[in-house]
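Got the model open in your viewer? Here is a short walk through it, one selection at a time.

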Amino acid sequence: MSNELNWEHTNRIGVLLSKTHPNIEPHTVALNDVHSYVTALSDFKGDPKYFHEPTLEAVRSAWSTEFQERTRNWA
């Protein structure tokens, strides 16, 4: 399995963003900034010009889910 990511890998991107930026609360990140974070990932090989808002929202949602799982108080 290739580690290369493109816009179809929203869940994998979300996990990687959560690991790369552990202190950022994804729900506070504007979609244009989500785009910047994704395209800055070393494993991202997708076309930076080919994306649309629902894809960025899906990435932010996956990232938010990972963030919530990691920061949830299980006590």
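Start by selecting Asn11 and Lys19: both are exposed, on the far side of α1 from that helix's buried residues. This is a predicted model, by the way. Now swap the selection for Thr10, Ile13, Gly14, Leu17 and Ser18, the buried residues of α1. Look down the helix axis and you'll find them within an arc of only 135°, so they sit on the same side of α1. That fits the usual helix geometry: with 3.6 residues a turn, residues three or four places apart point the same way. What lies over this buried side? Among the elements covering the buried residues of α1 are α2 and α3.

Stay on α1 for a moment and zoom in on Thr10, which belongs to that helix. Its relative accessible area is 17%, and under 20% counts as buried, so Thr10 makes the cut. Show its surroundings, skip anything up to four places away in sequence, and you get Thr55, Ala58, Val59 and Ala62.

Next, bring up α2 (residues 31-40) and α3 (residues 53-71). Their axes come within 10 Å and cross at roughly 75°, so the two helices are roughly perpendicular to each other. Which residues meet there? From α2, pick Leu31, Val34, His35, Tyr37 and Val38; from α3, pick Glu53, Leu56, Glu57, Val59, Arg60 and Trp63. Colour this contact by residue class and you'll see seven nonpolar residues, one polar and three charged.

Keep Val34 selected. Beyond its neighbours within four places in sequence, Val34 is in contact with Val29, Leu56, Val59, Arg60 and Trp63.

From there, hop to Val29, in the loop between α1 and α2. Buried or exposed? With a relative accessibility of 7%, Val29 counts as buried. Apart from residues within four places in sequence, its contacts are Ile24, Val34, Tyr37, Arg60 and Trp63. Try a distance label between the C-alpha atoms of Val29 and Arg60: they are 8.0 Å apart, although 31 residues separate the two along the chain.

Last stop: the largest nonpolar core, which has 13 residues. Select Ile13, Leu17, Val34, Val38, Phe44 and Val59, the members that touch the most others. Then colour by helix: α1 (10-20), α2 and α3 each supply at least two residues of this core.

How values were computed: Residues numbered from 1 in each chain as written. Predicted model: local features only at pLDDT ≥ 70, side-chain atom pairs only at ≥ 80, totals over all residues. Heavy atoms only, no water. Axes fitted to C-alpha atoms, helices over the stretch in contact; angles between N-to-C directions. Helix = DSSP H or I, 4+ residues; strand = E, 2+ residues; numbered from the N terminus. Parallel < 35°, antiparallel > 145°, perpendicular 65-115°, else oblique. Contact = heavy atoms within 4.5 Å. Nonpolar A, V, L, I, M, F, W, Y, C, P; charged D, E, K, R; others polar. Core = buried A, V, L, I, M, F, W, Y, C linked by side-chain atoms within 4.5 Å. Buried < 20%, exposed > 50% of the residue type's maximum accessible area, 1.4 Å probe, protein only. Arc of directions from axis to C-beta.
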